[in-house]
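Grab your viewer and work through these exercises one at a time. Try each task yourself before you read the solution below it.

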Amino acid sequence: MDRRSFLAACGIGAGGVLLPGFVGRAIAAPQLVETIDMAVKKRLADAGLSAAANAGSTYCDVRVGRYMRQFVITREANVQNIVNTESTGCGVRVIADGAWGFAATNEMTPEAVAEAARLAVAIAKANAQSQTQPVQLAPTPGVGEVSWKTPIRRNAMEVPIQEKVELLLGVNAAAMNAGANFVNSQLFLVNEQKYFASSDGSYIDQDVHRIWAPFSVTAIDQETGKFRSRDGLSAPMGLGYEYLEGRAEDKLNGPGGLISYGMSYDMTEDAIAAANQAREKLSAKTVQPGQYDLVLDPNHLGLTIHESVGHPLELDRVLGYEANYAGTSFATLDKREARFQYGSEIVNLFADKVQPGSLGAVGYDDEGVATKRWNLIEQGKLVDYQATRDQAHILGKTASDGCSYADSWSTVQFQRMANISLEPGKTPMKAADMIANVENGIYILGRGSFSIDQQRYNAQFGGTLFYEIKDGEITQPLEDVAYQMRTPEFWGACSAICDESDYRMFGSFFDGKGQPSQVSAVSHGSSTTRFDQINVINTARSLG
């Protein structure tokens, strides 16, 4: 995401604060580390559960949420904005007369939550008048009182603003000293304090942390006015501030001296490399269209996984229930029955909500279902989808996959993508080993522009950095590269995957879905992967 898209998505501009509803109200920084007393949350939840039952519900869950966000936005030597936000309230979801109902309130009193519960029941009963089949919930045993927290070493919300500003301005200065003409950097922190209670007997308290530090560097040729940019190569992560305290053991020195990052990130080092590479891109050779063997770094391949595997295997898209944001799916239910060949035999893709450091990692989803890992593609064959409690019976499952999520206490939870990842190869292999076997190829790092059709079948992907591979060696940088794909043909062309030592995660903070729209955060892990004879176009020539 570039700076303009980042600001648009967050609703924040340099001149003021325009906050979308899910972000909430502006607060002082010290309030970011406050919490709601557990007894207060339980009292609110019990008020909702009791009122819903008395009004005629057969199922009820109450989510008491406190969602905090911090934005720090800089450009060159200036701080453009610092915003701290909080959104707090209760959402009540019920089943009555076989239909769903939902209502929410930001009044944190038992009386207000009880009133929201009664309203949710009334809505459910009204919905039942036009519903053809009753909701079927997969059983989910109550777990009593439990808690889960993102395993962080340093709470980013507790880090002084001055330290964060010094980091970003230091990054900007390093990029400028290395030859950049413009640079902007941001820090985006999220803390979701979520309390879930259900009529099944669960009282689940979770403390979820996420961090993202994007930047963009631009270099200009003063004689021609030509300019090129290079975005940061980090991934948003489900970690604390320790992620930005880059440990050497978490860094991968890849082919051609290119640096990749895993569970920690040296933002300054990446900014210096970005300035040099932005200048390098000014004189880079434009790509010759044709078929190439592609070697895709995980911080690029993650987006391709997201669009060509994650979204088309969401069950609501498969069924046609959710068609917003480029969405039904070619991967229809009959293909699961036929064990459709989605990719080559070495392709194994799995869904999970448990990978440490991932954006989607939680102990329980927003339906109180314990999270897990499960396979979607086994040896290239389609074997499963992603399903929630009220979808499980469609697949003949006896339990939910635990992939329900709402981006706020004020929005109803629904089926969202889990972390979707490609299993590493079983044979020892580094990226340099993979490249050594490529005669005519392109090495691609970082995400770029993309497009994909409504059924997630035909697509086109760009990137951030491109390098020519000739006779097993990286020879020179390239520009104007994009590859075209049909999903099963692309994954069928997967011929090699590096081993687990190369495994890293890409992530998305703003994965949009639904109407009204909600956003979620999700990670995609992989090792460096090779795809043979993929069609590459020249984007400059395509634009005329």
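**Exercise 1.** Does Pro-488 count as buried or exposed? Work out where Pro-488 sits and what surrounds it.

*Solution.* Two ground rules come before the steps. This is a predicted model, so local features need pLDDT of at least 70 and side-chain atom pairs count only at pLDDT 80 or more, while totals for chains, interfaces and linings use all residues. Residues are numbered from 1 along each chain as its sequence is written, and side-chain values use heavy atoms, with hydrogens and water left out.

Step 1: find the element. Pro-488 belongs to helix α10, residues 487-492; helices are DSSP runs of H or I with at least four residues, strands are runs of E with at least two, and both are numbered from the N terminus.

Step 2: check the accessibility. Pro-488 comes out at 13% and counts as buried. The scale is relative accessible area: buried is under 20%, exposed is over 50% and partly exposed is in between, with a 1.4 Å probe and protein chains only.

Step 3: list the contacts, meaning heavy atoms within 4.5 Å. Leaving out residues up to four places away in sequence, Pro-488 touches Phe-330, Phe-340, Gln-341, Tyr-342 and Tyr-457. As for Asn-458, its C-alpha lies 9.6 Å from that of Pro-488, with the two positions 30 residues apart in sequence.

**Exercise 2.** How many helices and strands does the chain have? Put together a picture of the whole chain.

*Solution.* Step 1: count the elements. There are 11 helices and 29 strands.

Step 2: test the compactness. The radius of gyration is 24 Å, close to the 24 Å from the globule rule for 544 residues, so the chain is as compact as a globular protein of that length. Here the radius is taken over C-alpha atoms, and the rule is 2.2 Å times the number of residues to the power 0.38. Along the principal axes, the C-alpha atoms fill a box of roughly 75 × 55 × 45 Å.

Step 3: look at burial and contacts. Of the 544 residues, 59% are buried. Among contacts with a separation of 6 or more, 75% are between residues 24 or more positions apart.

Step 4: turn to the surface. The exposed area is about 20,600 Å², and carbon and sulfur atoms supply 49% of that area.

**Exercise 3.** How many disulfides does a search of the whole structure find? Then look at two cysteines one by one.

*Solution.* Step 1: run the search. The result is 0 disulfides, where a disulfide is a pair of cysteine sulfur atoms within 2.5 Å.

Step 2: take Cys-60. The nearest cysteine sulfur is that of Cys-90, 11 Å away, and Cys-60 is in no disulfide. With 1% relative accessibility, Cys-60 is buried.

Step 3: take Cys-498. Its closest cysteine sulfur belongs to Cys-494, and at 10 Å that is too far for a bond. Cys-498 is buried too, at 0%.

**Exercise 4.** Which loop holds Val-287, and which residues does Val-287 contact?

*Solution.* Step 1: locate the residue. Val-287 is in the loop between β14 (285-286) and β15 (290-296), and its relative accessible area of 1% makes it buried.

Step 2: go through the contacts. Beyond the neighbours within four places in sequence, the partners of Val-287 include Tyr-292, Ile-442, Asp-480, Asn-538 and Arg-541. Asn-538 is 251 residues away along the chain, yet the C-alpha atoms of Val-287 and Asn-538 are separated by 5.9 Å.

Step 3: follow one partner. Asp-480 sits in the loop between β24 (473-479) and β25 (481-486) and is buried at 18%. Asp-480 has a positive phi of about 65 degrees although it is not a glycine.

**Exercise 5.** What is the phi of Asp-97, and is Asp-97 buried or exposed?

*Solution.* Step 1: read the backbone. Phi is positive, about 55 degrees, and Asp-97 is not a glycine.

Step 2: place the residue. Asp-97 is in the loop between β5 (78-96) and β6 (99-105). At 52% relative accessibility, Asp-97 is exposed.

**Exercise 6.** Which two residues does a cis peptide bond join?

*Solution.* Step 1: check omega. The bond between Gln-515 and Pro-516 is cis, with omega about 5 degrees.

Step 2: place the proline. Pro-516 lies in the loop between β27 and β28 (518-526).

Step 3: step back into β27. Ser-508 is in this strand, residues 504-513, and is buried at 13%. Among its contacts are Pro-236, Leu-359 and Ser-520.

Definitions and conventions
Accessible areas come from the Shrake-Rupley method with a 1.4 Å probe; for residues, only the protein chains shown count as cover.
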